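The following exercises are intended for a reader who is new to this structure. Each task is followed by a solution in steps.

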Amino acid sequence: MSDKSSCNNSSNRSESRKLGVIALAGVVISAMMGGGVYNLPQNMAQNASAGAILIAWIVTGIGMWFIANTFRILAAARPDATTGIYTYGELGFGKFTGFLMAWGYWICNCFANVGYAVLLMDSLNYFFPPYFKGGNNILSIACGSLVLWIIYFVVLAGVKQASFLNIIGTIGKLVPLAIFLLLVVIAFKTSIFFTDFWGLKTVVKVHDTALGGLLPQVKSTMLVTLWVFTGIEGAVVVSGRAKSQKDVGKATFLGFLTCLLLYTALSLLPLGIYSQGEISKMAPPSTAAILMDLIGKLGSIIMNLGVIIAILSSWLIWTVMLSELPFAAAQGGTFPKIFTKENKNESPSFSLFASTIVMQIILILVHFAGNAWNMMLSITSVMALPCYLVSTLYLFKIAYKNYQYPSDIFAGRKYAIVTGILGSLYGIWLIYAAGLNYLLIAILIYAIGIPVFMKARKETDSSKPEFTKVEKYGAIALIIVGVIALVYLFKFM
């Protein structure tokens, strides 16, 4: 397929290739609900009791609602700002901030997809033991690479076709989870659920240990809860391909509510059958271990097949999303011009190819990681944090200063200001909860992107400096902290 350089706005795309609210909601749900959701009971119970998990979901639900609402309001207030996260950063805080958001989100998605590759291979190990054990041995890397390039060609055939496959995949991943929840509800016992509800006791026979204070328990769940909501901005990222910007807001709300209810049920209901200690010791995916105990080997087969479908569906839609941002950023002069190339199916061909190469490199490096899945989960979550925080700050800025804030949308200025403030506070809380090591990794990755920005700015206007005065100081500070992070990580990790 031949490439063609294109800087046309996405509004000029043929209407037949546009996405409606159902397709966009499918993007949101699939982006959030990957294979990791099948191990949610164990992930949440690892260091938290039922009471702490319940509080964690309340905190997360409220916090993520303000972030989801930020994207809903911005989609209505700035319908021209397609591909959201990158554009909001640039409009609100300049080209360099916009680039960092695009770069960070792009690399974040690459790590997310490599995480899916690891989990997919580890799930296949259930059917073909012990060939794919751990998901990052040599055979796993080879087969994961094969799937990576198959998905590359699927997305290259067109976003509309990929979105149709994603709807089928979304249905396929929800059915096993519905079966799981139905059987768990039937087996649920209130007496077990409220035993050691706050995790304050040590009960050796069920592996329960005193988990300490409530705040550390809640904090321990934050990277997990952030991970499962990463992708809530999915409809915004591909909003340039939406039939209507109103559909973007509807899809975001629908995806958020569906996933919040499902995540809460998956985390809490198994604690009415097993203790926190028992679930914390289960091998991934813990939903398979639970269902096998309830209905035998068939239950394990159902859940492991669900994991595979969920991974492939999410992997596909994340590939669509990560190819869109560099493409849009290049159109605005924030990424090098070569990223604007499209093929005849209107897929951002070079952006997609570059993304696949980056993922391939990360996938090879994963072979040398210990707990590869948890590492991918943590890095992806932390890399997404600045993107969310900048979006909430941008909403606060345009609403507070009444800067291009329309008066004819569903959210008034005061409502938007409150949403921006509370969403920003939640973003800061997540950065605190992330921990130092992963924050340093994120800073290092952001710093590595600076030469890419400099090349893009030279291509756009070589007569002007790449940075404004403030941006130059920001870039220098980022490089300094990046070097410190590199030294720290080599010394202590």
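**Exercise 1: Two helices**

Helix α19 (residues 436–448) has 13 residues, and its first and last C-alpha atoms lie 19 Å apart, close to the 18 Å expected at 1.5 Å a residue. The model is a predicted one.

*Task.* Determine which residues of α19 are buried.

*Solution.* A residue counts as buried when its relative accessible area is under 20%. In α19 this holds for Leu440, Ile441, Ala442, Leu444, Ile445, Tyr446 and Ala447.

*Task.* Compare the span of helix α1 (residues 21–32) with the expected value, and state how many of its residues are buried.

*Solution.* Step one: the expected span is 1.5 Å times one less than the number of residues. For the twelve residues of α1 this gives 16 Å, and the end C-alpha atoms are indeed 16 Å apart, so the two values agree. Step two: ten of the twelve residues are buried, and α1 is therefore largely enclosed by the rest of the structure. Among the buried residues of α1 are Ala23, Leu24, Val27, Ile29 and Met32.

**Exercise 2: Cysteines**

*Task.* Establish how many disulfides the structure holds, and explain the case of Cys108 and Cys387.

*Solution.* Step one: the structure holds zero disulfides. For Cys108, the nearest cysteine sulfur is that of Cys387, 6.6 Å away. Step two: a disulfide requires two cysteine sulfur atoms within 2.5 Å. The sulfur of Cys387 has its closest cysteine sulfur in Cys108, and because 6.6 Å separates them, the distance is too far for a bond. Step three: Cys108 is buried, with a relative accessible area of 0%, and Cys387 is likewise buried at 0%.

**Exercise 3: A surface patch**

*Task.* Identify the residues that form a nonpolar patch on the surface, and locate Phe128.

*Solution.* Step one: the patch is formed by Phe127, Phe128, Tyr131, Leu139 and Leu305, which together have about 490 Å² of accessible area. Step two: Phe128 is situated in the loop between α5 (95–127) and α6 (138–156). Step three: the relative accessibility of Phe128 is 46%, so this residue counts as partly exposed.

**Exercise 4: A contact across the sequence**

*Task.* Describe the surroundings of Ile309.

*Solution.* Step one: Ile309 belongs to helix α15 (residues 297–331). Step two: with a relative accessible area of 34%, Ile309 is partly exposed. Step three: leaving aside residues up to four places away in sequence, Ile309 touches Gly169, Gly172 and Lys173. Step four: Ile309 and Lys173 are 136 residues apart along the chain, yet their C-alpha atoms are separated by 5.8 Å.

Notes. Residues numbered from 1 in each chain as written. Predicted model: local features only at pLDDT ≥ 70, side-chain atom pairs only at ≥ 80, totals over all residues. Heavy atoms only, no water. Patch = residues over 30% accessible without salt bridge, like charges linked within 9 Å, V, L, I, M, F, W, Y side chains within 5 Å. Areas by Shrake-Rupley, 256 points an atom, 1.4 Å probe, with all protein chains shown as cover. Salt bridge = Lys/Arg side-chain N within 4 Å of Asp/Glu carboxyl O. Helix = DSSP H or I, 4+ residues; strand = E, 2+ residues; numbered from the N terminus. Buried < 20%, exposed > 50% of the residue type's maximum accessible area, 1.4 Å probe, protein only. Contact = heavy atoms within 4.5 Å.
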